[in-house]
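This report describes one protein chain together with its ligand. The sequence and the structure are shown below.

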Amino acid sequence: MEKMWSGRFSASASNLLDQFNASIMYDRKLYREDIEGSLAHARMLEKQGILTQDELKQIQDGLAQVKKEIESGEFEWNISDEDLHMGIEKRLTQIIGDTGKKLHTARSRNDQVAVDFRRYVLRKNLEIAKLVKLLMKEIIGVAQKHTETLLPGMTHLQHAQPINFAFHLGAYLAMFQRDIERFESSYERNNVSPLGCAALAGTPHNIDRQYSAELLGFERVSVNCLDTVSDRDFALEILFNISTMMMHISRLSEELVLWSSYEFGFIELSDEYSTGSSIMPQKKNPDVPELLRGKTGRVYGALVGLLTVMKGLPLAYNKDTQEDKEGVFDAVETAEISLEILKEAIKTMQVKPQNMHSACKVGHLSATDLADYLVEKCNIPFREAHFITGKAVAKSEELGIDLSEIELKYLQEIDERISEDVLDFLVLENSMNARKSQGGTATQRTQEQLDYFKKYLEEQ
Ligand code: ARG
């Protein structure tokens, strides 16, 4: 098959080359962006007197027809056309004749692909941010019911201090808010039009880049053409944004897996979002959070893959860059389905406050409160208070109880300065509510945090 660029070649391309070189089987996903880019370019050419009104009209009608054919499934995607840009232009020329060949005036595939891919990525930044917002809403809905539900706060996966479940979920809300901000700032930063950069150096034609940028909804025109045709920072940014977001999703998933185990028993995932075993009839497995954790890996792969593709490229465009798309498409689709299924899994899971509360009675979670009591009420230096508390913990262990349940007489045997008011300090609820410094776990502080996230979402 004759190539558009075959002028200087005497032998035609081998089949093997076609297979190796083509991106049309996956970049066809960008057909809308490509057609819109061509329409904006053609309108600009007409405004500048490079195309006549009649030629513009033919191109507009022809592209409308191409779009229809693509959307009805009639369009023939051939790997011998190499990429969607040439596939669409070839079909346009078949439909409208020689005028189709004028469309590429003052344009190269290098700025064309930069326009198409950038617009796809910009749009996806916003679409994914919106999905993260929906997930946050769902998490807030669950959290709102649990500002008083105690569970053990942990460090090193060891019981540390009592917190409430809404506070724990609030930590993820904070992560997801940063994720949204990252998607939105990438959108702002990369909202520049590559159209008119042509192959690398601009064009001698009298074009109006500002005009085509406006038609495409870009905020600005890029500054340096050599940079623009080989810039894939926007793609790296969305991959990084998705990777970080998936890292957050993966951490939450890890907790969902742990929490749904017998040993924790803090939640039960709904049947709808759990799976069975092919051999063990009794099993109910948390495949959804496990897969979310697993899929995080492939997204990192896409990020590292593209960073590696880009790192050795001389200016400007190099064909290596064609390897930018599949990883981004895959990461975007992974992010979208992950956000949706996580939202559903959270919405339908059952929280088990009783088990969370029982877990708080293991590990002497109010030990820090006893030390704080000794400092505050008995004027004992913290290091000494720490030591005395250690003794109280050892005594509780000896008695086989939790520190929160120890009787006053045992504490007074350890240190006579301790009086009855200590018992209030040891109550787990009081321990949680005592942490009322800004951003702390106290119910009232947790509620402030939930209100903050609600307001943030309302302002969006
Ligand atoms: N399919 C190519 C890509 O995705 C389009 C640009 C090709 N330009 C070129 N001069 N070969 O990067």
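A residue is called buried here if 20 or more other C-beta atoms lie within 10 Å of its own, exposed if 12 or fewer, and partly exposed in between. The model under discussion is predicted.

**Helix α12**

By that criterion, the buried residues of α12 are Lys-325, Gly-327, Val-328, Ala-331, Val-332, Ala-335, Ser-338, Leu-339, Leu-342, Ala-345 and Ile-346. In an α-helix there are 3.6 residues a turn, so residues three or four places apart point the same way. The cover over the buried residues of α12 includes α2 (24-27), α6, α10 (233-259) and α11 (287-310). Helix α12 comprises 24 residues (325-348); at 1.5 Å a residue it should span 34 Å, and its end C-alpha atoms are 35 Å apart, which agrees.

**The ligand shell**

Around the ligand are Ser-23, Asp-27, Asp-83, Arg-109, Asn-110, Val-113, Tyr-317, Lys-319, Thr-321 and Gln-322. By residue class, the shell holds two nonpolar, four polar and four charged residues. Helix α6 (residues 109-143) supplies the largest share, three residues. Domain 1 (18-105) and domain 2 (113-358) each contribute at least three residues to the shell.

**Backbone features in loops**

Most residues other than glycine have a negative phi, and most peptide bonds are trans. The peptide bond from Leu-315 to Ala-316 is cis, with omega near 0 degrees. Ala-316 belongs to the loop between α11 and α12. Two residues that are not glycine have a positive phi, as listed here.

| Residue | Phi | Loop | C-beta neighbours inside 10 Å |
|---|---|---|---|
| Leu-157 | about 60 degrees | between β1 (150-155) and β2 (158-164) | 7 |
| Ala-198 | about 55 degrees | between β3 (192-193) and α8 (209-215) | 23 |

Are these two residues buried or exposed? Leu-157 counts as exposed because it has 7 such neighbours, whereas Ala-198 counts as buried because it has 23.

**The chain as a whole**

The protein chain contains 19 helices and six strands. Its C-alpha trace spans about 100 × 50 × 40 Å along the principal axes. The radius of gyration of the protein chain is 31 Å, while a compact globule of 460 residues would have one near 23 Å. Of the 460 residues, 40% count as buried. Among contacts between residues at least 6 apart in sequence, 76% join residues at least 24 apart.

Key
Residues are numbered from 1 along each chain as its sequence is written. This is a predicted model: local features need pLDDT of at least 70, side-chain atom pairs count only at pLDDT 80 or more; totals for chains, interfaces and linings use all residues. A residue is near a molecule or strand if its C-beta atom, placed from the backbone, lies within 6 Å of it. Helices (H or I, at least four residues) and strands (E, at least two) are DSSP runs, numbered from the N terminus. Ala, Val, Leu, Ile, Met, Phe, Trp, Tyr, Cys and Pro count as nonpolar, Asp, Glu, Lys and Arg as charged, and the others, Gly among them, as polar. Domain bounds come from an automatic or database domain assignment. The expected span of a helix is 1.5 Å times one less than its number of residues. Two residues are in contact if their C-beta atoms, placed from the backbone, lie within 7 Å. The radius of gyration is taken over C-alpha atoms; the globule rule is 2.2 Å times the number of residues to the power 0.38.
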